[in-house]
Amino acid sequence: MGTQIAFVIHPELRHAPSSRPADLMLDEACLLADAIGLEVVHSEVIALVKLRAGTYFGKGVTERLDNLVEDFTHDVDAPVVIVNTSLSPVQQRNLEIHIKAKVIDRTQLILEIFGARAQTHAGRLQVELAALSFQRSRLVRSWTHLERQRGGSGFLGGPGERQIELDRRMLMDRVTRIKAELKEVTRTRTLQRSNRLRSETPIVAVIGYTNAGKSTLFNRLTGADVLSQNMLFATLDPTMRELDFVSGRKAVLADTVGFISQLPTELVEAFKSTLEEVVHADVLLHVHDASSPLVAEEAADVIKVLGDLGMDAETQAARILHVLNKADLLAAGDEQVTNLQNMFSDGVFVSAKTGDGVDDLLAYLNRHLSKSAVLATIDITPTDGAARAWLHQNAIVKSSHFDDQGHEQILVSIYPADYARLCARWPELGVLRVEA
């Protein structure tokens, strides 16, 4: 972005304050700036009586910001001014003229972070699509400094193609190409997902507000080495690993991008192919930052994004398990603990950093996955060695004993789909009893 210095401004309307404390919203905006290596040298909340259509802020605020920028410009390049809200193209352009510095809003800041975080080809395509979708709405005022081109008169040609029309056409061509590439990405992921469905391996997706500790928990559960830092949007591209339970059951654990308040619509649309892993997951581990004073608001933001992805409230209630992470930052008897217990009565307190409570979480998750399983007693003859090995690999063996004929009777907990596969593969197998 051409500079390492930033001013962060959070505007707050006096007659319509946001649901979150303004100082905490300002802190989050500073963390967003820090996530792309900007050094925040000035941050403040600016209370506004009303919005100005042309500049968002009034004359007094813009003049003060101009003076602040000028003071820093003597020593370093002009700082970038981050306004923690959505600005119209006209407001952004006019602010840059008045302040004499680069001005970006919250959407552009998040797009910048996603652009810096994308590692895979698919991730970079999705970020570029989001950025182009954002830019497309801002072309109207982008070329007012150029004279409109004109063609000849008579039969020699009419008005020439204006620069804005040329840019719009080039942008749309690029959007079309990216969407075609993303269709191929979606097709590949659909095939991979269908393979997982055929194997009947449950998929558990880790979701939550950004910086709640999802990647740290993912690493703790799977032994992976996914990047985990105390930083907003440290992880962007989804990662999947096998999760093994003590009972012998297996699942696929998927780490996903973090959510955030006022997540740009362009990002939700562009990342739908990535977030489909969330929609199709059997279980959603909703990781909360238990130490956050805004845990309720952050949870609501996650629920809103899930709704944007087409997941209704009933589906969410059936699939979501709540994980209260960073429990090591809470003291015993803390009022926050009581509030969290009331808010998430079935939530599990864990510390992904220290490992406390992780075993309880795995047991809780295993019980949840076992709800759909059935108990079956299978009669295994000495010649059914392949079926016996398959059962030990794909079901949970509760008990086994041999009768006088040398037949082994195995009591297993097995998913209905796996039981159907067992019967189809070994139709002569003796099934003594099946119960839910």
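The paragraphs below go through strands, helices, loops and salt bridges in a predicted model.

A sheet built from the early part of the chain is a place to begin. Its 4 strands form an open sheet, and their order across the sheet is 2-1-3-4. The pairing in this sheet is parallel. At the edges are strand 2, residues 39-48, and strand 4, residues 103-105, each of which pairs on one side only. On average, neighbouring strands of this sheet are turned by 25° against each other, with direction ignored.

One pairing inside this sheet can be followed in detail. Strand 1 covers residues 5-13 and strand 3 covers residues 80-83; the two run parallel and are joined by 4 bridges. Within this pairing, V8 stands opposite I82 of strand 3.

Helix 4, residues 106-117, lies across strand 3 and strand 4. Its direction is at about 85° to strand 4. The helix has 12 residues and reaches 17 Å from its first C-alpha to its last, which is close to the 16 Å expected at 1.5 Å a residue. How many of the 12 residues of helix 4 are buried? The count is 9 of the 12, so helix 4 is largely enclosed by the rest of the structure. The buried residues of helix 4 include the hydrophobic-named positions L109, I110, L111, I113 and F114. R106, T107, Q108 and R117 of helix 4 are buried as well.

Two loop residues come next. Y56 has a positive phi of about 70° although it is not a glycine. Y56 is placed in the loop between strand 2 and helix 2, the latter spanning residues 59-73. With a relative accessibility of 8%, Y56 counts as buried, because the cut-off for that class is under 20%. N211 is not a glycine either, and its phi is positive at about 70°. The loop that holds N211 lies between strand 5, residues 203-208, and helix 7, residues 214-222.

Further along the chain is strand 9, residues 320-325. Is strand 9 largely enclosed or open, and what follows from its residues? 6 of its 6 residues are buried, so strand 9 is largely enclosed by the rest of the structure. In a regular strand the side chains alternate between the two faces of the sheet. In strand 9, I320, H322 and L324 point one way, while L321, V323 and N325 point the other way, and all are buried.

Strand 9 has pairings with strand 8 and with strand 10. Strand 8, residues 283-289, runs parallel to strand 9 and is joined to it by 6 bridges. One of the bridge pairs is D289 with N325 of strand 9. With strand 10, residues 348-349, strand 9 pairs in the parallel sense over 2 bridges. There, V323 has V348 of strand 10 as its bridge partner. From strand 9 the chain crosses through helix 12, residues 335-343, to strand 10, and this β-α-β crossover is right-handed.

The last topic is charged side chains. Side chains of opposite charge can pair when their charged atoms come close. The model has 12 salt bridges. One of them is between R64 and E44, at 2.9 Å from N to O. R64 lies in helix 2 and E44 in strand 2, so this pair ties together parts that are 20 residues apart in sequence. R64 is partly exposed, with a relative accessible area of 35%, whereas E44 is buried at 15%.

A salt bridge also forms between E128 and R174, whose closest N and O atoms are 2.8 Å apart. E128 belongs to helix 5, residues 121-136, and R174 to helix 6, residues 163-198, so the pair ties together parts that are 46 residues apart in sequence. E128 is partly exposed, with a relative accessible area of 28%. R174 counts as partly exposed too, at 24% relative accessibility.

The side chains of D244 and K250 meet in another salt bridge, at 2.9 Å from N to O. D244 is partly exposed, with a relative accessible area of 43%, and K250 is partly exposed at 38%. Finally, salt bridges that share partners join R20, E28, R106 and D301 into one network. R106 in this network is among the buried residues of helix 4.

How values were computed. Residues are numbered from 1 along each chain as its sequence is written. This is a predicted model: local features need pLDDT of at least 70, side-chain atom pairs count only at pLDDT 80 or more; totals for chains, interfaces and linings use all residues. Side-chain values use heavy atoms; hydrogens and water are left out. Two strands pair if DSSP finds at least two bridges between them. Axes are lines fitted to C-alpha atoms, for helices over the stretch in contact, and angles run from 0 to 180 degrees between N-to-C directions. Contact means heavy atoms within 4.5 Å. Buried means under 20% relative accessible area, exposed over 50%, partly exposed in between (1.4 Å probe, protein chains only). A crossover is right-handed if, with the strands pointing away from the viewer, the path from the first strand over the helix to the second runs clockwise. A salt bridge is a side-chain nitrogen of Lys or Arg within 4 Å of a carboxyl oxygen of Asp or Glu. The expected span of a helix is 1.5 Å times one less than its number of residues.
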